[in-house]
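User: Hi! Could you walk me through the aromatic residues in this one? Here is what I have open.
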Amino acid sequence: MKAAAAQTVRLTLPVIPLRLDTELAARPMLEGLLAGLFAANGETHAIGDPVDWLTHPSGYIEWHIVLHKFYHAPGLVQAFAETGDARYVALFERHVRSWIAAVEPGFIAADVTGRRIQNWVMALSLYTALP
């Protein structure tokens, strides 16, 4: 009996359309994130680096939900693509890694999880398409 020959499979990754949130992925917002600040719903709070994902500094729950949806992720990668400033993509990586390390499955709500994953996929798609 002959052993089956190993095959190399190459996947072509789809290009995911990038839809940047006009407020949460805007350059002033991203500059604030580099300084450890997050602004949403008219409130700006220090979030630190690493982010304390489980602390809710606002009295408005939607502020915390917006932080967890990661609308800023595609903007960070886009800013890196436009400027070459590695601080943007390094912050994206730190945010994802620290979020995964700190937050248990099922935190907040399923729709928040869905939006976060969508934003992570858009950001990673953009990053992997860079030259």
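User: How many aromatic pairs does a search of the whole structure find?

Analyst: Happy to help! This is a predicted model, and the search turns up five aromatic pairs. In one of them, tryptophan 53 and phenylalanine 70 are stacked, at 5.2 Å centre to centre with 20° between the planes.

User: Which parts does that pair tie together?

Analyst: Tryptophan 53 sits in the loop between β2 (43-46) and α2 (61-69), and phenylalanine 70 in the loop between α2 and α3 (72-83), so the pair links parts that are 17 residues apart in sequence.

User: Are those two buried or exposed?

Analyst: Tryptophan 53 and phenylalanine 70 are both buried. They also belong to one aromatic cluster with Trp99 and Trp120.

User: And phenylalanine 80 with tyrosine 127, how far apart are the ring centres?

Analyst: Their centres are 6.2 Å apart and the planes are at 35°, so this pair counts as tilted. Phenylalanine 80 is in helix α3 and tyrosine 127 in helix α5 (residues 110-129), so the pair ties together parts 47 residues apart in sequence. Phenylalanine 80 counts as buried at 19% relative accessibility, whereas tyrosine 127 is partly exposed at 40%.

User: Switching to the strands: in which sense do β1 and β2 pair, parallel or antiparallel?

Analyst: Strand β1 (residues 37-40) pairs with β2 in the antiparallel sense, over four bridges. Phenylalanine 38 has histidine 45 in β2 as its bridge partner.

User: What about asparagine 41 in that hairpin?

Analyst: The hairpin has two residues between the strands, and asparagine 41 takes a positive phi near 55° there.

Technical notes: Residues numbered from 1 in each chain as written. Predicted model: local features only at pLDDT ≥ 70, side-chain atom pairs only at ≥ 80, totals over all residues. Heavy atoms only, no water. Phe/Tyr/Trp six-rings, centres within 6.5 Å; stacked < 30°, edge-to-face > 60°. Buried < 20%, exposed > 50% of the residue type's maximum accessible area, 1.4 Å probe, protein only. Pairing = 2+ DSSP bridges.
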